[in-house]
Amino acid sequence: MSVDTQSKAQHYIDLEDQHGAHNYHPLPVVLERGKGVYVWDVDGKQYYDFLSAYSAVNQGHCHPAIVNAMNEQAQTLTLTSRAFHNDKLGWYEKYLTEYFQFDKVLPMNTGAEAVETAIKIARKWAYEKKGVAEHEAKIIVCENNFHGRTTTIISFSNDEGARKNFGPYTPGFIKIPYNDTEALEKALQEENVAGFLIEPIQGEAGVFTPHDDFMRSSRDLCKKYHALFIADEIQTGIARTGGLLAVCGDCNCEAHCERQEKTYARPDILILGKALSGGAYPVSAVLADNEVMNVIQPGQHGSTFGGNPVAAAVAMAALEVVKDEHLIQNARVLGNYFRAEINKYIETTDTVVLVRGKGLLNAIVINDTEDSKTAWNICLRLRDNGLLAKPTHGNIIRFAPPLVMTKDQLDECISIIIKTLKEFE
Ligand SMILES: *Cc1c(COP(=O)(O)O)cnc(C)c1O
């Protein structure tokens with residue numbers, strides 16, 4: 001890097017530092033353009049994106065079909081609010097509910113808003129359908145969860161950074177260890193339980209993948225104790241883990257099939273965000289069947305931008321891409337290949353402890369203490385070598401490229417990753 005180009009990137013970083021709140025700690029790289037699996041920085045250097053905006057850009061950067069849908073709608077009608085009907089929302093709701101096989105959808109914008117919506121629906125269902133006494137509803141959540149940043153959501157986080165000095169906290173949550181069926185059953189036996197909110201794979205916590213039938217047994221237990229099974233698939237859903245949803249289990253079909261009947265842990269409430277728009281626009285959604293969703297009546301919940309025509313057009317285009325380009329199958333095949341190749345390397349080294357994940361949501365654990373800078377330093381070196389990834393917690397690096405990646409591109413990425421890791425042996 002010449003002095004000139006260094007100062008160019010630094011200029012943008014300084015602007016953010018001076019004028020923006022310091023609520024993130026980004027990797028020092030300033031991006032100005034993206035296409036498919038690639039992004040380019042302000043100096044024109046090309047990188048493979050191995051974060052995909054936390055799995056929002058599953059369809060690849062600036063996918064032409066999604067951008068076209070957005071442009072076309074942006075020039076026609078952008079926002080009416082829900083005070084009036086618009087000619088896109090109904091089509092979108094029909095499309096989305098058929099795609100995911102639920103009776104109804106409640107459209108929102110960000111992931112955290114959709115989680116909040118799911119919590120409100122579950123509580124209302126508990127009071128009106130299950131007969132829980134007013135103000136007593138409880139929702140079971142897991143340790144080390146990540147569901148967003150609102151006051152209620154951080155109330156049941158156990159990340160000190162996310163919680164400290166943001167109290168008083170919203171009550172009504174029971175925390176159990178992740179991947180612990182016994183603890184779940186015990187919690188479900190408490191009174192006034194409305195539901196169980198879970199990430200099918202804990203992404204932010206470091207891509208923790210539960211045992212194979214944890215989702216199914218959780219769903220069955222929720223049924224047994226008449227509580228709602230609520231899946232936060234904001235990061236894991238929409239092809240990322242090699243199924244349409246992570247709760248589809250071992251089935252990689254695009255819709256329902258016989259095999260799926262055996263593996264699908266169908267949620268009572270499904271929460272989607274991120275890749276629902278392919279990263280083009282903030283679009284989130286909560287899906288449920290009538291007996292649950294119908295507890296919400298006019299005036300009881302809403303959002304000015306939720307279900308706007310641009311969001312509707314963008315989300316339909318984004319979901320078409322998932323089907324047309326067979327992203328589910330691609331994520332599954334490339335994910336298996338990626339873990340196999342990284343495992344071959346792990347056998348030869350002490351630098352990396354393990355690789356874990358599903359589909360193209362994976363992470364490696366670096367052989368160092370949790371508070372070491374090694375994972376961060378590896379990410380800096382990966383950047384120098386043309387690949388962008390970010391540590392999650394301490395010594396864990398998440399690898400989540402866009403799902404439009406080809407085998408040849410992935411081979412190049414694997415060699416960049418292994419070459420970089422070897423520099424740390
Ligand atoms: C990203 C994420 C959220 C929050 O989404 P935002 O759009 O950032 O509010 C919630 N749950 C999970 C599992 C996520 O990965």
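How many salt bridges does the rule find across the interface of domain 1 and domain 2? Just one. Keep in mind that this is a predicted model. Below is a quick tour of how the two domains meet, followed by a look at two buried residues, Glu-233 and Trp-125.

**The two domains**

- The protein splits into domain 1, made of 3-59 + 327-422, and domain 2, which covers 64-324.
- Measure from C-alpha centre to C-alpha centre and domain 1 and domain 2 sit 27 Å apart.

**Where they meet**

- On the domain 1 side, 30 residues make contact with 35 residues of domain 2.
- The size of an interface is often quoted as the accessible area lost when the parts come together.
- Here, about 2600 Å² is buried between domain 1 and domain 2, and carbon and sulfur atoms give 53% of that.
- Polar contacts link 15 residue pairs across the interface, counting pairs with both residues at pLDDT 80 or more.
- Which elements give two or more residues to the side of domain 1 that touches domain 2? They are α2 (52-55), α13 (327-346), β11 (352-358), β12 (361-366) and β15 (396-399).
- Helix α13 gives the largest share of that side, with five residues.

**A salt bridge to look up**

- Glu-204 pairs with Arg-398 in a salt bridge, and their closest N and O atoms are 2.8 Å apart.

**Glu-233, a buried acid**

- You'll find Glu-233 in the loop that runs between β8 (228-232) and α10 (258-263).
- Glu-233 is buried but has no salt bridge.
- Lys-358 carries the nearest side chain of opposite charge, and it is 8.6 Å away from Glu-233; that rules out a salt bridge because the cut-off is 4 Å.
- What does the side chain of Glu-233 reach at 2.9 Å? That would be the backbone nitrogen of Ala-246.
- Setting aside residues up to four places away in sequence, Glu-233 touches Pro-200, Leu-245, Ala-246, Val-247, Leu-270, Ile-271 and Leu-272.

**Trp-125, tucked into a helix**

- Trp-125 belongs to helix α5, residues 111-130.
- Is Trp-125 buried or exposed? Its relative accessibility is 4%, so Trp-125 counts as buried.
- Ala-227 is 102 residues from Trp-125 in sequence, yet their C-alpha atoms are 9.7 Å apart in space.
- Ala-227 is also one of the contacts of Trp-125 beyond four places in sequence, along with Lys-130, Ala-194, His-226, Leu-228, Glu-291, Val-292 and Val-295.

Note on methods
Residues numbered from 1 in each chain as written. Predicted model: local features only at pLDDT ≥ 70, side-chain atom pairs only at ≥ 80, totals over all residues. Heavy atoms only, no water. Helix = DSSP H or I, 4+ residues; strand = E, 2+ residues; numbered from the N terminus. Buried < 20%, exposed > 50% of the residue type's maximum accessible area, 1.4 Å probe, protein only. Lys, Arg positive; Asp, Glu negative; His and termini not counted. Polar contact = N/O pair within 3.5 Å; in protein donor to acceptor, adjacent residues only side chain to side chain. Contact = heavy atoms within 4.5 Å. Domains from an automatic or database assignment. Buried area = accessible area lost by both parts, 1.4 Å probe.
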